[in-house]
Amino acid sequence: MEEKPREKEIEKRKPIEIPFEALEFAQEPLGEGGFGKVWKGKYNGSVVAIKQISFFGRSGQDLSKYIQREITIITDNPHPCIVQCFGISIQEDSVYIVTEFIEQGDLAKNLHSGFTLTEMIQLLKDVASAMYHLHEHRT
């Protein structure tokens, strides 16, 4: 679990609109959730995560709230333990949120991968720090 620490101060920035054609997707999604799929991909030569949020079969108001909340959380609350958002791409039937790619993957899946006690304590500190930050800066 050794990894270079991210810079402590991360600037607050609004996501840019990314042309869909500028995104490269892996052949298979990394996972799927209630609102869509997450893909590993590339944007401007960098490896990124691309979260596809599908409009199909969803009420516009609920989906709009969900997308706004997702974007607000990751752009208005910069923190070393919260993924950074690079931008969004809008297609006819989906919105794509482009974020930094975390090589270790999904936190929930990794919780059962046999961390040492020291690693687990650090993980808990990082999660607590991010949650405290979000709680203090909620709008």
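Buried residues account for 30% of the 139 residues in the chain. The model is a predicted one. The chain exposes about 9,800 Å². Carbon and sulfur atoms supply 54% of that exposed area. The secondary structure comprises 3 helices and 7 strands. Along the sequence these elements follow the pattern β-β-β-β-β-α-β-β-α-α. Of the contacts with a separation of 6 or more, 56% join residues 24 or more positions apart.

Aromatic residues form one theme of the fold. The structure holds 4 aromatic pairs. Phenylalanine 20 and phenylalanine 25 make up one of them, a tilted pair. Their ring centres are 5.7 Å apart, and 40 degrees separate the planes. Both residues have some access to solvent. Phenylalanine 20 is partly exposed, at a relative accessible area of 24%. Phenylalanine 25 is likewise partly exposed, at 29%. Phenylalanine 25 also pairs with tryptophan 39. This pair is edge-to-face, with 5.7 Å from centre to centre and 90 degrees between the planes. Phenylalanine 25 belongs to strand S2 (residues 23-25) and tryptophan 39 to strand S4, so the pair ties together parts that are 14 residues apart in sequence. Tryptophan 39 counts as buried, with a relative accessibility of 14%. Through ring pairs, Phe20, Phe25, Trp39 and Tyr96 are linked into a cluster.

Serine 89 touches two members of this cluster, Phe20 and Tyr96. Serine 89 sits in strand S6. Its relative accessible area is 0%, so serine 89 is buried. The side chain of serine 89 makes polar contacts with backbone atoms. A polar atom of this side chain lies 3.0 Å from the backbone oxygen of isoleucine 18. The side chain of serine 89 also reaches the backbone nitrogen of phenylalanine 20, at 3.3 Å. Beyond four places in sequence, the residues touched by serine 89 are Ile18, Pro19, Phe20, Leu23, Ser94, Val95 and Tyr96.

Two residues around strand S5 were examined next. Asparagine 44 lies in the loop between strand S4 (36-43) and strand S5 (46-54). Its phi is near 50 degrees, a positive value in a residue other than glycine. Asparagine 44 counts as exposed, at 64% relative accessibility. Valine 47 is placed in strand S5 itself. Valine 47 counts as partly exposed, at 39% relative accessibility. With neighbours within four places in sequence left aside, valine 47 is in contact with Lys40, Gly41, Lys42 and Phe101. Valine 47 and phenylalanine 25 are 22 residues apart in sequence. In space, 9.9 Å separates their C-alpha atoms.

Histidine 79 occupies the loop between helix H1 (60-75) and strand S6 (85-90). This loop residue is buried, with a relative accessible area of 9%. The cut-off for buried is under 20% relative accessible area. The side chain of histidine 79 has polar partners in both backbone and side chain. It reaches the backbone nitrogen of cysteine 81 at 2.9 Å. The side chain of histidine 79 also makes a polar contact with the side chain of serine 129, at 2.9 Å. Serine 129 falls within the residue range of helix H3 (residues 117-136).

Helix H3 has 20 residues. From its first C-alpha to its last, H3 reaches 28 Å. This is close to the 28 Å expected at 1.5 Å a residue. The buried residues of H3 are Leu123, Ala130 and His133. They are on the same side of H3, because they cover an arc of only 95 degrees around the axis. These buried residues pack against helix H2 (107-110). The other side of H3 carries the exposed residues Leu117, Thr118, Leu124, Lys125, Met131 and Tyr132.

Technical notes. Residues are numbered from 1 along each chain as its sequence is written. This is a predicted model: local features need pLDDT of at least 70, side-chain atom pairs count only at pLDDT 80 or more; totals for chains, interfaces and linings use all residues. Side-chain values use heavy atoms; hydrogens and water are left out. Helices (H or I, at least four residues) and strands (E, at least two) are DSSP runs, numbered from the N terminus. The expected span of a helix is 1.5 Å times one less than its number of residues. Buried means under 20% relative accessible area, exposed over 50%, partly exposed in between (1.4 Å probe, protein chains only). The arc is that of the directions from the helix axis to the C-beta atoms. Contact means heavy atoms within 4.5 Å. A polar contact is a pair of N or O atoms within 3.5 Å; within protein, one must be able to donate a hydrogen and the other to accept it, and residues adjacent in sequence count only if both atoms are side-chain atoms. Rings of Phe, Tyr and Trp (its six-membered ring) pair if their centres lie within 6.5 Å; planes under 30 degrees apart count as stacked, over 60 as edge-to-face and the rest as tilted. Accessible areas come from the Shrake-Rupley method with a 1.4 Å probe; for residues, only the protein chains shown count as cover.
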